Amino acid sequence: MNIRKLQQGLKYRGRVEAVRQTYHVFEASDYFFVLSFSLSKSRRGSGYFNVVNRTAVDYVHSHLGGRSGVTAKDVVAVARRTKHVPTSLAGLNILYVLVGLGAARITRSGEHRQLFFAVRKARPS
């Protein structure tokens with residue numbers, strides 16, 4: 001990852017309200033930058049960030065577009081033969097990016113706070 005490339009021209013792309021966190025998605029040329037902040041009053045102001053590769057987002061969108069009930073585990077399973085999504089956390093961040101871009105939405109929260117997403121079909125390039 002090239003830090004200089006990441007910080008050049010970050011564009012705010014959207015906000016995602018999830019169960020315990022609020023996510024803010026920023027776009028750079030090759031990456032997405034996902035900032036999250038806790039919704040808890042006791043942890044107000046605390047958060048973290050993740051960097052998500054654009055190629056991984058495009059790959060997942062093209063393979064899961066048009067499906068609903070998608071979980072982070074589904075994202076990992078679809079990309080298991082690639083190096084795009086090594087963990088469920090990476091898969092979840094890809095889904096948050098898609099929501100921030102308007103290409104997906106959170107449909108519901110399941111047992112144990114598992115999130116389900118509906119991913120819109122990817123437009124042909």
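The questions and answers below go through the secondary structure, sheets, helix packing and core of a predicted model.

Q: How many helices and strands does the chain have, and in what order do the elements run?
A: The chain of this predicted model has four helices and seven strands. Read from the N terminus, the order of the elements is α-β-β-β-β-α-β-α-α-β-β.

Q: What share of the residues in the chain is buried?
A: A residue is taken as buried when its relative accessible area is under 20%. The chain has 125 residues, and the buried part of them is 37%.

Q: Which strands stand at the edges of the open sheet of four strands?
A: The four-stranded open sheet has antiparallel pairing and the order β1-β2-β3-β4. An edge strand pairs on one side only, and the edge strands here are β1 (11–17) and β4.

Q: By how many degrees are neighbouring strands of the sheet β1-β2-β3-β4 turned against each other on average?
A: The strands of this open sheet pair in the antiparallel sense. With direction ignored, the average turn between neighbouring strands of this sheet is 20 degrees.

Q: Which residue of β3 is the bridge partner of Y23?
A: β2 and β3 form a hairpin, with three residues between them. Seven bridges join these antiparallel strands. In β3, the residue paired with Y23 is S36.

Q: Which residue in β4 stands opposite S36?
A: β3 pairs with β4 over seven bridges, in the antiparallel sense. One bridge partnership here is that of F37 with G47 in β4. Opposite S36 stands Y48.

Q: Why is β3 described as largely enclosed by the rest of the structure?
A: In the sheet order β1-β2-β3-β4, the strand β3 stands between β2 and β4. β3 is largely enclosed because, of its eight residues, the number buried is six.

Q: Which strands of the three-stranded sheet are left without a neighbour on one side?
A: The three strands form an open sheet with antiparallel pairing, in the order β5-β7-β6. Each edge strand has a single partner strand, so one side of it has no neighbour in the sheet; these strands are β5 (68–70) and β6 (104–109).

Q: By how many degrees are neighbouring strands of the sheet β5-β7-β6 turned against each other on average?
A: The pairing in this open sheet is antiparallel. Ignoring direction, the average turn between its neighbouring strands is 40 degrees.

Q: Which residue in β7 stands opposite S68?
A: β5 and β7 run antiparallel and are joined by two bridges. The residue of β7 opposite S68 is A118.

Q: What angle does the direction of α4 make with that of β7?
A: α4 packs on the three-stranded sheet and touches β5, β6 and β7. The angle between the direction of α4 and that of β7 is about 50 degrees.

Q: At what angle does α4 run to β1?
A: α4 also lies across β1, β2, β3 and β4. Its angle to β1 is about 110 degrees.

Q: Within what arc do the buried residues of α2 fall, seen down its axis?
A: The buried residues in α2 are A56, V57, V60, H61 and L64. They line one face of the helix, because they fall within an arc of 130 degrees.

Q: Which elements are included in what covers the buried residues of α2?
A: α2 lies across β2, β3 and β4, running at about 75 degrees to β4. The cover over its buried residues includes β3, β4 (47–53), β5, α3 (72–78), α4 and β7.

Q: Which residue just after α2 takes a positive phi?
A: At the start of α2, a side-chain oxygen of N53 comes within 2.8 Å of the backbone nitrogen of T55. Just after the helix, a phi of about 90 degrees is taken by G66.

Q: Which element gives the most residues to the largest nonpolar core?
A: This core has 26 residues, and I94 and L98 touch the most other members. The elements that give it two or more residues are β2 (21–27), β3 (31–38), α2 (54–64), α4 (88–100) and β7 (115–119). With six residues, the element that gives the most is α4.

Q: Which residues does I94 touch, not counting those up to four places away in sequence?
A: I94 is one of the two residues that touch the most other members of the core. With residues up to four places away left out, I94 touches V52, A56, V57, V60 and V85.

Q: Is N93 buried or exposed?
A: N93 has its place in helix α4. Leaving out residues up to four places away in sequence, N93 touches V34, N50 and V52. Its relative accessible area is 4%, so N93 is buried.

Conventions
Residues are numbered from 1 along each chain as its sequence is written. This is a predicted model: local features need pLDDT of at least 70, side-chain atom pairs count only at pLDDT 80 or more; totals for chains, interfaces and linings use all residues. Side-chain values use heavy atoms; hydrogens and water are left out. A nonpolar core is a set of buried Ala, Val, Leu, Ile, Met, Phe, Trp, Tyr and Cys residues joined through side-chain atoms within 4.5 Å. Buried means under 20% relative accessible area, exposed over 50%, partly exposed in between (1.4 Å probe, protein chains only). Contact means heavy atoms within 4.5 Å. Two strands pair if DSSP finds at least two bridges between them. Axes are lines fitted to C-alpha atoms, for helices over the stretch in contact, and angles run from 0 to 180 degrees between N-to-C directions. The arc is that of the directions from the helix axis to the C-beta atoms. A polar contact is a pair of N or O atoms within 3.5 Å; within protein, one must be able to donate a hydrogen and the other to accept it, and residues adjacent in sequence count only if both atoms are side-chain atoms.
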